[in-house]
Amino acid sequence: MSEPILEASNLSKNFNGFHAVNNVSLRIEQGTIHALIGANGAGKTTCFNLLSKFLAPSSGRIRLKGRDITRFRPDRVARLGLVRSFQLSAVFASLTALENVGLALQRRRGESFDFWRSTRKLDDNRARAEELLDAVGLADDHHTLAAELPYGRKRALELATTLGKDPEVMLLDEPTAGMATEDVGHITRLIREVARGRTVVMVEHNLGVVSELCDRITVLARGEILVEGDYDTVARDERVIESYIGGGGHA
Amino acid sequence: MQTALRLVAVLALAALLAVPLFPQIVYPVFVMQTLCFMLFACAFNLLLGHTGILSFGHAAFLGSGAYITGYCAKFLALPAELSILAGTLTGAALGAVFGALAIRRSGIYLAMITLAMSQLVYFFYLQAPFTGAEDGMQQIPRGTLFGLLDLHNDVTLYYVVFATIAGGLWVVWRTVNSPFGAVLRAIREHEPRAISLGYPVARYKVVVFTLSAGLSGLAGSMKAIIFQLAALNDVHWHTSGDVVLMTLLGGMNTVFGPAAGALLVSALTRYLDPFGAWVTVVIGVVFMACVLVFREGIVGKLQHVLRRRPREKRQAVDREGMVRTSE
Ligand SMILES: Nc1ncnc2c1ncn2[C@@H]1O[C@H](COP(=O)(O)OP(=O)(O)O)[C@@H](O)[C@H]1O
Ligand SMILES: [Mg+2]
């Protein structure tokens with residue numbers, strides 16, 4: 001088996017003695033879509049925070065593309081090609097859709113610390129930004145302020161922004177949560193499209209979406225891995241069925 | 001609509017340039033002082049309005065600019081341009097230190113840290129042997145600029161101050177409208193998202209702190225040359241509070257709004273001077289009125305009113321459902 005693009009070994013995080021994530025090991029293979037599911041409070045978002053280094057693990061190691069990133073800062077992890085989204089849509093509210101995506105396109109050299117240059121320096125990125133917005137269905141919203149977009153479109157904008165970084169690995173935290181059914185279909189199609197040539201790890205409550213998109217599924221319960229496998233394996237597992245029913249049936 | 005604002009700006013510029021010709025109408029020293037506060041407020045707003053950082057210690061930078069410029073001109077007999085440069089750089093260096101220490105926190109904690117550090121700076125100038133303590137550092141020589149321009153000439157001084165402040169304001173404007181400024185806005189709007197896009201946010205904050213403090217130092221340096229005095233007032237926390245007030249009054253979501261706020265506070269302070277302690281009360285009332293009537297500040301409100309029409313039309317188009325897929 002080839003080396004996984006993202007690997008966590010015995011990852012744990014405790015908040016003042018509370019084990020939010022306990023001894024979790026994950027192997028994310030390159031080019032796959034991997035789902036992280038589990039009841040609310042199972043530790044999925046905390047896992048994402050650890051993998052993207054927004055939180056420092058209490059113990060365990062993380063490797064990205066063969067490189068130990070356990071002690072890296074989150075911005076550095078992002079520059080290495082792992083970009084995360086947030087559970088609550090994260091857009092730059094008072095900026096336009098174009099400006100939002102533009103921020104993902106600014107290069108490090110010559111385009112970011114230069115306070116003496118004009119923003120005209122960034123015009124070269126504009127065509128690409130428009131392309132990304134069109135691709136997620138925001139063709140008519142280039143100049144709309146992110147704050148004025150309806151929720152579903154905000155998520156689409158967030159996705160376009162993430163894609164602007166051209167990430168090798170994307171962590172998507174509940175990309176369809178709080179959406180109307182037709183928007184869920186739209187986002188699902190989008191994710192499948194943009195996942196080509198990339199690796200995606202997503203937290204998703206909608207099992208329909210999971211079965212449609214994901215190659216592999218890890219089920220978390222109380223901070224620990226309950227089961228891992230493809231959809232059929234996981235769906236048939238009695239502990240999963242039990243925990244989902246026992247856990248209030250939240251899927 | 002934008003033309004209306006532009007017209008006002010051009011008229012204001014013409015009026016400012018004409019000030020030394022009519023000293024009997026408006027006192028040039030007052031105008032110069034106001035110009036310094038305008039730069040101070042706009043520089044401060046690089047942090048508050050454009051990055052979302054509330055510093056409550058900006059007097060330290062203004063005051064250091066004044067004291068160091070005074071020290072260089074008076075005790076080291078350096079020419080004006082070097083004294084001003086030294087004051088500006090001291091402000092910037094101090095800003096880098098403040099920034100590096102303060103940005104580990106955010107919000108009110110960050111404000112408290114900057115306040116604490118600026119109090120240390122205050123006590124330094126209170127105790128240091130060269131500052132004249134409560135009397136201030138007096139009789140700072142104005143000298144000549146580049147060995148050419150004699151700053152003892154009031155008209156020359158005025159235009160030099162005008163050009164310097166204009167230059168400082170240009171730097172503020174350029175910064176806001178630069179690739180760097182775009183990243184600052186991202187940090188202000190959603191810091192974790194900016195990090196997740198790969199921006200080393202801490203470094204950006206230190207740089208903008210340094211820039212803001214350097215320009216504040218420049219404002220202080222010019223003030224010392226104008227008044228030939230550097231006084232504890234300039235490093236006092238009251239001044240740190242005043243600049244917050246000016247910025248909020250003028251509008252923190254604009255580039256030059258804080259300058260309008262500075263003008264308003266400066267004018268109120270000056271023309272209400274005969275009423276003594278009532279000045280504070282009046283400014284307080286004006287401030288409350290502004291906050292209640294237009295939260296985005298005077299200039300912010302103005303821009304809003306001038307722009308409202310086209311946006312309302314656009315929104316009507318935007319308010320449709322989401323899915324317009326590319327099928
Ligand atoms: N910063 C934190 N401090 C303390 N407890 C936290 C923190 N973040 C998450 N938790 C706790 O860890 C558990 C897992 O949370 P989370 O990872 O958000 O769950 P999920 O995303 O699976 O719903 C929850 O019980 C939550 O209260
Ligand atoms: Mg979560």
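In which helix of chain B does B:L157 lie? In this predicted model, B:L157 belongs to helix α6, residues 154-176 of chain B. The legends below begin with that residue.

**Figure 1. Surroundings of B:L157 in helix α6 of chain B.** With a relative accessibility of 1%, B:L157 counts as buried. Setting aside residues up to four places away in sequence, B:L157 touches B:M32, B:R142, B:L151, B:I225 and B:I226. The C-alpha atoms of B:L157 and B:P20 are 9.8 Å apart in space, although 137 residues separate the two in sequence.

**Figure 2. Two aromatic pairs within chain B, formed by B:F61 with B:F98 and by B:Y67 with B:Y125.** Over all chains, the structure holds 17 aromatic pairs. The ring centres of B:F61 and B:F98 are 4.9 Å apart and the planes stand at 65 degrees; this pair is therefore edge-to-face. Because B:F61 lies in helix α3 (residues 59-74) and B:F98 in helix α4 (residues 80-102) of chain B, the pair ties together parts that are 37 residues apart in sequence. Both B:F61 and B:F98 are buried. For B:Y67 and B:Y125, the centres are 4.4 Å apart and the planes are at 10 degrees, so this pair is stacked. B:Y67 is in helix α3 of chain B and B:Y125 is in helix α5 (residues 107-127) of chain B, so parts that are 58 residues apart in sequence are tied together by the pair. B:Y67 and B:Y125 are likewise buried.

**Figure 3. The contact between chain A and chain B.** On the side of chain A, 49 residues are in contact with 38 residues of chain B. About 3,800 Å² is buried between chain A and chain B, and carbon and sulfur atoms give 58% of this area. A:F92, A:F113 and A:F115 supply 19% of the area that chain A buries against chain B, more than any other three residues. Ring pairs also join residues of both chains into a cluster, made up of A:F113, A:F115, A:W116, B:F180, B:Y199 and B:Y204.

**Figure 4. The largest nonpolar core and a separate second core.** The largest core has 97 residues, of which A:L103, B:Y125, B:V161, B:I165 and B:M222 touch the most other members. Helix α2 (residues 28-48) of chain B gives the largest share of this core, 17 residues. Beyond its neighbours within four places in sequence, A:L103 is in contact with A:F92 and A:L95, as well as with B:A182, B:V183, B:A186, B:L197 and B:Y199. Another core, of 40 residues, lies apart from the largest one and includes A:A35, A:A146, A:V184 and A:L190. In soluble globular proteins, nonpolar side chains tend to be buried together.

**Figure 5. Coordination of the magnesium ion (ligand 2) by chain A.** The magnesium ion is coordinated by OG1 of A:T45 and OE1 of A:Q87, at 2.0 to 2.4 Å. A:T45 lies in helix α1 (residues 44-51) of chain A, and A:Q87 in the loop between β6 (82-84) and α3 (97-105) of chain A, so the pair ties together parts that are 42 residues apart in sequence. A:T45 is partly exposed, at a relative accessible area of 25%. A:Q87 is also partly exposed, at 31%.

**Figure 6. Arginine side chains placed over aromatic rings.** In chain A, A:R84 lies over the face of A:F54, 4.8 Å from the ring centre. In chain B, the charged end of B:R270 sits over the ring of B:Y271, at 5.6 Å from its centre.

**Figure 7. Loop residues A:R198, A:K65 and A:E174.** A:R198 is located in the loop between α6 (181-194) and β8 (199-203) of chain A and is buried, with a relative accessible area of 13%. Not counting residues up to four places away in sequence, A:R198 touches A:G31, A:T32, A:L163, A:D166, A:P167, A:E168 and A:M170. Most residues other than glycine have a negative phi. A:K65, however, has a positive phi near 50 degrees, and phi of A:E174 is positive as well, near 50 degrees. A:K65 occupies the loop between β4 (59-64) and β5 (67-68) of chain A and counts as partly exposed, at 38% relative accessibility. A:E174 is found in the loop between β7 (169-173) and α6 of chain A and counts as buried, at 8% relative accessibility.

Key. Residues numbered from 1 in each chain as written. Chains lettered and ligands numbered in written order. Predicted model: local features only at pLDDT ≥ 70, side-chain atom pairs only at ≥ 80, totals over all residues. Heavy atoms only, no water. Phe/Tyr/Trp six-rings, centres within 6.5 Å; stacked < 30°, edge-to-face > 60°. Helix = DSSP H or I, 4+ residues; strand = E, 2+ residues; numbered from the N terminus. Buried < 20%, exposed > 50% of the residue type's maximum accessible area, 1.4 Å probe, protein only. Lys NZ or Arg CZ within 6 Å of the ring centre and 35° of its normal. Donors = N, O, S within 2.8 Å, 3.2 Å for Na, K, Ca; no water. Core = buried A, V, L, I, M, F, W, Y, C linked by side-chain atoms within 4.5 Å. Contact = heavy atoms within 4.5 Å. Buried area = accessible area lost by both parts, 1.4 Å probe.
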